[in-house]
Amino acid sequence: MTLPHEIAYPPTGFCVTDVMALIVFATALCFVTTGEKLHKYLICAMGMTIGTFAGLFYCSQLGIEEDKPKWSVSLAAGLALWIAVMFVESIVFNALSMGIGGGVCMIGYSIVVQYIPPQPEYYMFITIGVGVVVGYFCSNMVKAAALKVVYSVMGGFLCGSCLSYLFWKLRETQGDLWLDNLVSHGVGLDLANWHTLACIAVMIVASVAGVFIQNATAKKGGKKEDKKAKDPEAGYGATDKK
């Protein structure tokens, strides 16, 4: 019988993972508040986020647990996807679809594994792989989705993940929803724990708030553009008043 892997708590002092958590939180706020408006720039940040998450999963499979090498490899994977996105933007939508598919299956597996006997590690890998493949074939649906929804959901997820890290840092829980722990085999998602429920609630609230915030900013931007269009002297070829 394989025993569940126990996660070690992060150091009590300021550490590398704290820096990464702050970066993730800043990225989440940008996604939630200005995702659609700054899509031209944030599309690269989206690629960086997905690539880093994939890197963390890869490191987990290799058994790399030290912070510096783990985050170095993960950030390198994120940077590689960032560079790819700069040249072919459509790649990020395929990657996003695959990330969503794999993420949904991973969370589902984490819930199920909490209530069943310990399973071999490759079960989790197969489950996530199926989700990634399904996500790839659904990429057209993701492309057609509103950018504000995609950014809001991603930002909300990262906000909840950062809160989970805070609980983990304070030794109140094992940080089930923190990015690093989500990809760790044997770490279940305990829905009976109020910390986990609080993180999920933050994810939902931040995602919904992101849609409303971006809708509001889009309307303001639209009004300014309409004003310029109606002003005959603001258009191309306008002459100065005499």
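1. Start with the lining of the largest pocket: 29 of its residues are nonpolar and 6 are polar, with no charged ones. Bear in mind that this is a predicted model.

2. That lining runs to 35 residues in total, and Phe53, Leu96, Gly99, Ile100 and Gly103 sit nearest the pocket's centre. The volume of the largest pocket comes out at about 960 Å³.

3. Who builds the pocket wall? Helix 4 is the top contributor to the lining of the largest pocket, with 10 residues. Helix 2, helix 5, helix 6 (139-144), helix 7, helix 8 and helix 9 also supply at least two residues each.

4. Now the packing. The largest nonpolar core holds 43 residues, and Phe31, Met46, Ile50, Leu96, Met154, Leu158 and Trp178 have the most contacts inside it. Several helices supply at least two residues each, including helix 1 (16-34), helix 2 (39-62) and helix 3 (67-87). Helix 7 gives the most to this core, namely 9 residues.

5. Phe31 is worth a click in the viewer. Leaving aside residues up to four places away in sequence, Phe31 touches Leu42, Ala45, Met46, Thr49, Tyr151, Ser152, Met154, Gly155, Leu158 and Gln214.

6. On cavities, the count is 2 at 30 Å³ or more. The second largest has a volume of about 30 Å³, and among the residues lining this second largest cavity are Ser164, Phe167, Asp176, His195 and Cys199. Helix 7 and helix 9 are the elements giving two or more residues to that lining, with helix 9 giving the most, 3 residues. By class, the lining of the second largest cavity splits into 3 nonpolar, 5 polar and 1 charged.

Definitions and conventions: Residues numbered from 1 in each chain as written. Predicted model: local features only at pLDDT ≥ 70, side-chain atom pairs only at ≥ 80, totals over all residues. Heavy atoms only, no water. Core = buried A, V, L, I, M, F, W, Y, C linked by side-chain atoms within 4.5 Å. Buried < 20%, exposed > 50% of the residue type's maximum accessible area, 1.4 Å probe, protein only. Helix = DSSP H or I, 4+ residues; strand = E, 2+ residues; numbered from the N terminus. Contact = heavy atoms within 4.5 Å. 1 Å grid on protein atoms, 1.4 Å probe; cavity = no way out; pocket = protein on both sides within 12 Å on 5 of 7 lines; lining within 4 Å. Points joined across faces, edges and corners; volume = space filled by probe spheres on them. Nonpolar A, V, L, I, M, F, W, Y, C, P; charged D, E, K, R; others polar.
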